[in-house]
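User: I'm new to reading structures, and I'd like to know what the labels rest on. Can we go through some together?

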Amino acid sequence: MIKDEQQAPVARRASVSDYLAPQARALKPSGIRRFFDLVSGRKDIITLGVGEPDFVTPWHVRDACVASLEMGKTQYTSNAGMPELRDAIASYLSGRFQVNYNASDEILVTIGGSEAIDLALRALIAPGDEILIPEPCYISYSPITSLTGGIAVGVETFAEDAFKLRAQSLQAAITPRSKVLILCYPSNPTGGVMTYEDWLPIAKVVEDNDLIVISDEIYAELSYGQKHVSFAAMPGMKDRTILVSGFSKAFAMTGWRMGYACGHPDLISAMLRIHQYTVMCAPIMGQVAALEALTNGIEEMERMIESYNQRRRLVVKGFREIGLECHEPQGAFYAFPSIKSTGLSSEEFAERLLNEANVAAVPGNVFGLGGEGHLRCSYATSVAQLTEAIERIGKFVHGIKVAGS
């Protein structure tokens, strides 16, 4: 009998972390969360950092959820979401933004806009594909791209141009490996917006270079002085665009984690298959609440938007009066003032502001190209808090300039 050859000993990993996939090991912690760990447990802090409405979800929305629970509605829904919710989303998008989707096969209800973005990227990206991302931008796009094996390519936008994406900059970043363009307008963190005229040359670049677009429009309703223009509504762009949105910002429903994606049936079908195997469906309680918000919550939403608009004007005026340049944000609920005149980096300014003035804001460098030298300040907090924060920041900036003179 021939004896089995002796097997070589198994190479042992030095630590548990060695079991991790390379892309997981390389993933950096959120720059926002890392900074706000410094805030935890501290008193008398005014926080201008978290991108969350200070409003509570309206009573009737909460009541609708409670009533559904009392009636025993605790089951799975269709993987794509409740048909009546998808119908309501289709009607809402058509009436408000003039973009039309078939509720049965072009709309997918997701766990927040974040899942929709993740599903879209996973459905589209093959290893080595390049994803074009206008920056400064929401911090999750690049890490999710890396997890899928794609390559994030930043396209810088500038304060002097109101942080608009320009066709020349986009075209310059395109290579034969470019596949997807991610858009976020109104912008987090800059508050920049794009008009119909702004979108026209971008749409031509998209068409000429055969790109697919993921348009994150979570702040669409929060547009001031002009109506939001969805990229999906541009001529010829609907079938090239996955529109992502949700209920977190405009409807004050962050904790409900309700979002949706809309697009060509082939794209939504692929995203749905991934969704089926990962989360099955969005929670029915949240879907009931979202349906109530769309059906009966528009008036409250409009009141919240008007309140943000008043705060927006207060904050921009305040920053300018204390000597910080600040472009006027036309959307979302963030101001993005320049702190370059202080001579400090974004990280230095934010940490000193926290330690010396008890005001927490996010250093602009965490948002990518063009973010250094800026500070993201959310004005989704009370007028009293905003007024006090501006006063503290003013004293802090004055102290820096006196010390440096």
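User: What makes the sulfur of cysteine 377 too far from its closest cysteine sulfur for a bond?

Analyst: Its closest cysteine sulfur, in cysteine 326, is 8.0 Å away. A disulfide needs a pair of cysteine sulfur atoms within 2.5 Å, so 8.0 Å is too far for a bond. One thing to keep in mind: this is a predicted model, so local features need pLDDT of at least 70 and side-chain atom pairs count only at pLDDT 80 or more, while totals for chains, interfaces and linings use all residues. Residues are numbered from 1 along each chain as its sequence is written, and side-chain values use heavy atoms, with hydrogens and water left out.

User: Why is cysteine 377 called buried?

Analyst: Buried means under 20% relative accessible area, exposed means over 50%, and partly exposed is in between (1.4 Å probe, protein chains only). Cysteine 377 has 1%, so it is buried.

User: And what about cysteine 184: how far is its sulfur from the closest cysteine sulfur?

Analyst: That distance is 7.8 Å, to cysteine 137, which is again too far for a bond. Cysteine 184 is buried too, at 9% relative accessibility. By the disulfide rule, the count comes to zero.

User: Okay, rings next. Why is the pair of tryptophan 199 and phenylalanine 231 called edge-to-face?

Analyst: Rings of Phe, Tyr and Trp (its six-membered ring) pair if their centres lie within 6.5 Å; planes under 30 degrees apart count as stacked, over 60 as edge-to-face, and the rest as tilted. By this rule there are 15 aromatic pairs. In the pair you picked, the centres are 5.0 Å apart and the planes are at 70°, so both tests for edge-to-face are met.

User: Why does that pair tie together parts that are apart in sequence?

Analyst: Tryptophan 199 lies in helix H8 (residues 196–208), while phenylalanine 231 is in the loop between strand E6 (212–216) and strand E7 (241–246), so the parts that meet are 32 residues apart in sequence. These helices and strands are DSSP runs, numbered from the N terminus: helices are H or I with at least four residues, strands are E with at least two. Both partners count as buried, tryptophan 199 at 2% relative accessibility and phenylalanine 231 at 0%.

User: Which residues form an aromatic cluster?

Analyst: Phe55, Tyr219, Tyr308, Phe333 and Tyr334 form one.

User: How do you know that arginine 62 lies over the face of tryptophan 59?

Analyst: A charge sits over a ring if NZ of Lys or CZ of Arg is within 6 Å of the ring centre and within 35 degrees of the ring normal. Arginine 62 is at 4.0 Å from the ring centre and lies over the face.

User: On to the sheet. What makes strand E2 and strand E4 the edge strands?

Analyst: Two strands pair if DSSP finds at least two bridges between them. The open sheet has seven strands in the order E2-E8-E7-E6-E5-E3-E4, with mixed pairing. Strand E2 (107–111) and strand E4 (151–156) each pair on one side only, which puts them at the edges.

User: How do you know that strand E3 and strand E5 pair?

Analyst: DSSP gives them three bridges, in the parallel sense, between residues 130–135 of E3 and residues 178–184 of E5. Leucine 132, for one, has leucine 181 in E5 as its bridge partner.

User: Why is arginine 166 called partly exposed?

Analyst: Its relative accessibility is 31%, so it falls in the range between the buried and exposed cut-offs. Arginine 166 sits in the loop between E4 and helix H7 (167–173). Leaving aside residues up to four places away in sequence, arginine 166 touches Asp161, Asp198 and Ile202, where contact means heavy atoms within 4.5 Å.

User: Last one: what stands out about alanine 332?

Analyst: Alanine 332 has a positive phi of about 60° although it is not a glycine. It lies in the loop between helix H11 (298–321) and strand E9 (334–335), and at 0% relative accessibility it counts as buried.
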